[in-house]
Amino acid sequence: MEYVELENYEKHMRRAVELAEMGRGATSPNPMVGAVILKDGRIVAEGYHKRAGEPHAEVNALRNASEDVTGAVMVVSLEPCNHSGRTPPCTEAIIDAGIKKVVVGMIDPNPKCAGSGIKRLIDAGIEVEYGLLADKIAKQNEVFIKHITTGRPFVTVKAAISINGKIAEAPGASTSLTGEEAKKRVHELRNEYDAIMVGIGTVLADDPLLTTRLERDDVRNPVRIVVDSRARLPLDSKISSTACDVKTIIATTPLALPRNIEDLKIKGLEVIKLGTWNGSVDIELLLEELGGREVSSLIVEGGGNLIASFIRADLVDKYLIFVAPKLIGERGVDLIGGKLKSIKEVKIERIEQLGSDLLIEAYPR
């Protein structure tokens with residue numbers, strides 16, 4: 001479908017995008033969506049999708065209306081759904097409410113919708129315009145778009161490095177590089193993403209907890225995933241000791257001893273046995289498995305060998321690199337463990353200062 005020329009509704013669409021952002025971290029595997037209802041040029045209702053399984057933005061806006069919305073205009077960031085899932089179709093709610101016009105930001109990439117919502121509204125006699133701020137809305141919903149179109153999670157590599165590109169002072173050493181502001185941002189990311197992944201080397205070196213620690217009431221922990229081809233995760237590690245409280249998956253291979261797997265299961269960890277690639281867990285198969293479990297977003301936090309595996313296989317969707325104003329000596333560990341066969345170009349989207357550290361947001365070209 002080609003974009004339709006739009007006028008006069010940009011500020012209201014920007015408000016819809018702001019409303020959608022209020023659902024960040026809670027709507028997965030659904031998109032973030034916001035809606036504004038206008039009548040006689042006045043805003044009479046707003047709404048957004050708060051969390052998966054609950055009413056969508058359009059329905060919430062209709063329920064929040066301060067007056068009758070017959071003949072009103074709805075401005076919504078994503079095409080209204082036209083299929084039944086956990087909730088009924090939004091198109092029917094819009095039609096039943098007597099809305100006369102709908103301004104859509106982006107067409108829904110979900111194959112179950114993908115223009116059918118717009119067609120349903122038009123068939124019901126409702127005027128529809130679409131394509132306003134579509135690029136901005138696509139960026140906001142990059143996670144949803146990747147998952148719904150490929151069946152795999154959106155993969156973000158997150159790492160903290162020194163100015164000279166090192167992640168630790170020495171092999172096996174636990175090294176803290178960034179300040180408090182950067183650490184807080186990391187926990188905010190964990191609160192947004194469905195899952196977090198590390199390799200067994202990182203666990204053996206750092207014994208991380210990999211939970212979300214924020215001073216908020218609505219905090220959630222991502223699913224913890226340890227890539228461990230031989231199921232060597234220590235039973236007294238922080239991850240093993242908290243497996244009954246935080247969902248944790250060990251991705252392993254036939255190389256793992258059966259007794260190791262059984263011990264991990266007794267501790268409350270879920271074990272997924274996959275094929276190998278160069279002696280390690282086949283991460284492409286792992287991504288397929290996670291996507292099928294409605295894991296739509298994944299942070300890969302390390303270590304260097306795991307990050308290198310994702311980069312070599314072109315499986316990275318986004319980079320978030322925290323750069324600390326420090327230099328590490330010759331025994332330092334590189335961000336990318338192992339060699340890359342070719343140069344991998346990235347496009348730097350944004351650089352932000354967090355205390356004394358820098359955060360670089362970049363995408364593969």
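**Exercise 1. Determine how strand β1 pairs with strand β3, and which residue of β3 stands opposite L38.**

Solution. Step 1: strands are DSSP runs of E with at least two residues, numbered from the N terminus, and two of them pair if DSSP finds at least two bridges between them. Step 2: β3 covers residues 73-78, and its pairing with β1 is antiparallel, over four bridges. Step 3: the residue opposite L38 is V73.

The model is a predicted one, in which local features need pLDDT of at least 70, side-chain atom pairs count only at pLDDT 80 or more, and totals for chains, interfaces and linings use all residues. Numbering runs from 1 along each chain as its sequence is written, and side-chain values use heavy atoms, with hydrogens and water left out.

**Exercise 2. Describe the pairing of β1 with β2 and the turn between them.**

Solution. Step 1: β2 spans residues 42-48 and pairs with β1 in the antiparallel sense over six bridges. Step 2: within β2, E46 is the bridge partner of V36. Step 3: the two strands form a hairpin with two residues between them. Step 4: D40, in the turn, has a positive phi of about 55°.

**Exercise 3. Establish whether β1 is largely enclosed or not, and assign its residues to the two directions in which they point.**

Solution. Step 1: apply the criterion of burial (under 20% relative accessible area; exposed is over 50%, partly exposed in between; 1.4 Å probe, protein chains only). Step 2: six of the six residues of β1, residues 34-39, are buried, so this strand is largely enclosed by the rest of the structure. Step 3: G34, V36 and L38 point one way, whereas A35, I37 and K39 point the other way.

**Exercise 4. Identify the largest nonpolar core and the contacts of M74.**

Solution. Step 1: a nonpolar core is a set of buried Ala, Val, Leu, Ile, Met, Phe, Trp, Tyr and Cys residues joined through side-chain atoms within 4.5 Å. Step 2: the largest has 40 residues, and those with the most contacts inside it include I37, M74 and V75. Step 3: β3 gives the most to this core, with five residues. Step 4: with contact meaning heavy atoms within 4.5 Å, M74 touches, among others, V36, I37 and V102, not counting residues up to four places away in sequence.

**Exercise 5. Count the disulfides and examine C113.**

Solution. Step 1: a disulfide is a pair of cysteine sulfur atoms within 2.5 Å. Step 2: the count is zero. Step 3: for C113, the nearest cysteine sulfur, that of C81, is 6.7 Å away. Step 4: C113 is buried, with a relative accessible area of 4%, while C244 is exposed at 68%.
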